[in-house]
Amino acid sequence: MTNKVESYQYQAEIKKVLDVVIHSIYTNKDIFIRELISNAADALEKFRHISLTEKDIIEKDLSLNIKIELNKKAKTFTISDTGIGMTKDELIENLGTVAHSGSKEFLEKLAENKENAAKLIGQFGLGFYSAFMVSQKVRVISRSYKKNSKGYIWTSDGMNNYTISQEEGIKRGTRIVVDLKKEYEKYAEEDNVKNIIKEYSNFVSSPIFIDEKRINTVQAIWVKNPNEVKDKEYNEFYKFLTNSPSEPFYHLHTSSDAPIQMKTILFFPKENMEIFGFNRMEPGINLYCNKILIESKVKEILPDYLRFVKGVVDSEDLPLNISRETLQDNLIISKIKKFLTKRVISFLNDNAQKDEKKYLDFWKAFASFIKEGINSDFENREKLAKLLRFETSKTKENELTSFDEYLKRAKKDQKEIYFLSGKNRQEIENSPYLETFIASDIEVIYLYEAIDDFTMSALSNYDKKELSSADKSDIKVPKKESEKKESEKSIENFEKLTKWMEKLFEKDLEKVVLSDRLVNSPAIIVNPDDKMTTNMQKILKDAKGDVFPTGKKILEINPEHTLIKKISKLVDSKKDEKLIIQIAEQIYDNALFNAGMDLDKSKMVKRMNDILEQALKSK
Ligand code: ADP
Ligand code: MG
């Protein structure tokens with residue numbers, strides 16, 4: 001009696017992926033073994049977990065392992081596991097559709113760089129298809145752990161369709177038969193396959209056998225004493241955990257007894273994949289209880305901003321049957337989170353102390369995560385702030401410094417830490433806001449990223465020193481005595497001018513005042529809001545449009561500047577009114593421009609031309 005064979009079409013995106021995989025120029029095809037083993041190991045972990053909590057399970061006593069059979073004559077590579085298996089629906093869903101995979105992203109990456117993307121196929125949830133790199137026919141024979149389940153054979157040549165038929169006498173789990181293409185015979189050779197397993201899959205937590213011989217050394221290196229673990233083992237373990245070809249940047253291996261008993265290995269990657277345009281990173285911590293995997297990629301173990309940290313947390317205090325849903329409310333988990341978060345931050349601070357140069361490489365890749373932390377993790381803000389690095393008015397380009405270094409250099413009586421935002425170093429250094437600080441030899445931190453102003457505002461102070469934007473209104477930069485007296489004297493002389501300008505700009509300005517901070521510029525806009533910098537208001541306005549009103553600003557004018565002195569006289573004498581208004585408006589627009597604020601450009605150009613014409617009239 002033959003069973004009915006049903007034929008199904010792959011989803012269009014899967015077809016594209018397969019086409020690329022089959023015609024991949026990628027030379028190292030070994031990874032298909034890693035991917036199939038990784039799927040088998042996942043299926044076994046899932047089974048272990050399910051068997052602790054569910055009753056209706058078939059063949060409960062099958063021993064949990066992965067078996068590989070190699071047949072040189074038939075040119076087959078066969079891998080079997082006794083894991084959860086798949087129902088017919090699951091075969092269709094998991095092997096024929098893009099339900100959970102990042103196939104689109106994968107295809108994009110592939111278009112950019114074939115070599116790299118092919119290596120990373122597992123990270124996109126497409127690992128299974130790598131079998132088609134070496135084969136024109138793959139059979140998946142599977143039976144689910146669920147009561148009354150039936151066995152099925154899934155077959156495909158990796159082209160347009162696949163078939164499924166029911167079959168009797170199949171054991172629980174999954175068996176995948178890969179018919180090797182002639183040129184890939186080497187994947188039926190024991191020594192070769194053994195070496196590949198040693199390289200990629202040595203840490204798989206289930207035993208792997210080739211033709212009855214045990215290959216991998218199942219070892220939970222996190223339970224070992226850190227002195228006994230070699231760097232090479234950490235590196236291999238990291239590569240295994242993350243499917244990544246590179247080594248970790250830092251690792252932290254600790255055990256603790258209080259407040260929670262736990263053993264931990266945490267890895268800090270070299271590269272920030274989010275910068276490279278990959279999607280948001282998934283959380284990277286696998287949770288174990290006594291070497292049994294409870295859940296992988298658990299988001300409750302570290303705060304979201306530390307999602308780049310990868311590793312393992314093993315605690316005997318955890319209940320084995322904890323579920324994804326209950327992780328969130330679990331008291332032990334929240335204690336682990338609190339403890340580990342502090343540990344990660346102090347680890348980074350220690351490493352910065354030990355080797356600042358190395359730390360800076362980490363900082364360059366992961367700065368945005370630390371800033372995210374300052375904006376979201378109130379409890380650890382101060383410690384995170386220690387990790388920040390900036391350029392300043394006293395560093396060279398690309399030379400970075402910390403708050404602590406800044407404070408070491410600060411003036412004795414300096415009560416604030418100053419910062420200024422701009423697109424780049426040049427823009428900030430040309431800014432009139434910087435003049436007074438340079439003149440008084442006070443260091444200013446330069447900020448280039450949109451998030452930076454928000455970070456400073458979230459922090460609000462560091463080591464009891466207020467963080468102040470250099471464009472805020474009530475800046476008190478220490479001045480020499482002689483300068484002070486002169487500025488007091490001039491207030492009366494300019495009263496008419498300030499009143500006149502206030503009237504002229506009454507719609508937009510809160511007031512016009514005499515500046516004691518300007519050196520070379522006639523005027524600047526300053527911000528009376530001590531919570532939101534002008535830059536923040538700008539960013540929010542850009543994002544929200546006119547619904548976000550920016551607060552009224554203050555115009556500071558420089559009584560020492562020839563331009564201001566002259567129009568002051570002209571206002572007094574009430575001569576040339578049209579020209580004075582145009583000049584005042586231009587001074588105001590220039591100040592808006594320097595503050596990076598919106599101004600009416602067409603109006604400005606017309607006015608400028610008028611002014612130029614007047615300037616040449618007497619010539
Ligand atoms: P990923 O493992 O990242 O999900 P794969 O392409 O490797 O992506 O596998 C797709 C899906 O197929 C898996 O998520 C799993 O549900 C199913 N699968 C693959 N191999 C097995 C197996 N040996 N046992 C049970 N399910 C499997
Ligand atoms: Mg996989």
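The numbered points below describe a predicted model of a protein with a bound ligand, going from its domains to single residues.

1. Overall division. The chain is assigned four parts: domain 1 covers residues 2-214, domain 2 covers 221-346, domain 3 covers 390-469 and domain 4 covers 483-617. Between the C-alpha centres of domain 1 and domain 4 the distance is 70 Å. Another separation is that between K46 and K423, whose C-alpha atoms are 50 Å apart in space and 377 residues apart along the chain. Of this pair, K46 belongs to helix α2, and its relative accessible area of 47% makes K46 partly exposed.

2. Surroundings of ligand 1. Which residues surround ligand 1? They are N39, A40, A43, D81, M86, N94, L95, G125, L126, G127, F128 and T174. By type, this shell consists of six nonpolar residues, five polar ones and one charged residue.

3. Polar contacts of ligand 1. Two contacts involve oxygen atoms of the ligand: a polar side-chain atom of N39 is 2.8 Å from one such oxygen, and a polar side-chain atom of N94 is 3.1 Å from an oxygen of ligand 1. The side chain of D81 places an N or O atom 2.9 Å from a nitrogen atom of the ligand. On its own, ligand 1 has 530 Å² of accessible area, and the protein covers 80% of it. Two elements, α2 (31-53) and α3 (88-96), each give two or more residues to the shell. Helix α2 contributes the most, with three residues.

4. Helix α4. Which residues of helix α4 (residues 103-112) are buried? They are S103, F106, L107, K109 and L110. Viewed down the axis of α4, these buried residues fall within an arc of 165 degrees, and therefore they line one face of the helix. The face turned away from that buried side holds the exposed residues K104, A111 and E112.

5. Helix α1. Residue V20 is part of helix α1 (residues 12-22). With a relative accessible area of 23%, V20 is partly exposed, because buried residues are those under 20%. In sequence V20 and F132 are 112 residues apart, while their C-alpha atoms are 9.9 Å apart in space.

6. Backbone geometry. Most residues other than glycine have a negative phi, and most peptide bonds are trans. Against this background, three places deserve attention. The peptide bond from A258 to P259 is cis, with omega near 0 degrees; P259 sits in the loop that joins β10 (250-256) and β11 (262-268). N148, which is not a glycine, has a positive phi near 65 degrees. This residue lies in the loop between β4 (135-143) and β5 (151-156), and N148 is exposed at a relative accessible area of 65%. D211, also a residue other than glycine, has a positive phi near 40 degrees. Its position is in the loop between β8 (208-210) and β9 (213-214), and with 33% relative accessibility D211 is partly exposed.

7. Threonine T242. This residue is located in helix α7 (residues 231-242). Is T242 buried or exposed? Its relative accessible area is 16%, so T242 counts as buried, the limit being under 20%. A polar atom of the T242 side chain lies 2.8 Å from the backbone oxygen of Y238. T242 and G311 are 69 residues apart along the chain, and 8.8 Å separates their C-alpha atoms.

8. Threonine T392. Strand β15 (residues 391-392) contains T392. T392 is buried, with a relative accessible area of 0%. Which side chain makes a polar contact of 2.6 Å with the side chain of T392? That partner is E443. The side chain of T392 also reaches the backbone nitrogen of K394, at 2.9 Å.

Conventions: Residues numbered from 1 in each chain as written. Chains lettered and ligands numbered in written order. Heavy atoms only, no water. Buried < 20%, exposed > 50% of the residue type's maximum accessible area, 1.4 Å probe, protein only. Helix = DSSP H or I, 4+ residues; strand = E, 2+ residues; numbered from the N terminus. Arc of directions from axis to C-beta. Domains from an automatic or database assignment. Near = heavy atom within 4 Å. Polar contact = N/O pair within 3.5 Å; in protein donor to acceptor, adjacent residues only side chain to side chain. Areas by Shrake-Rupley, 256 points an atom, 1.4 Å probe, with all protein chains shown as cover. Nonpolar A, V, L, I, M, F, W, Y, C, P; charged D, E, K, R; others polar.
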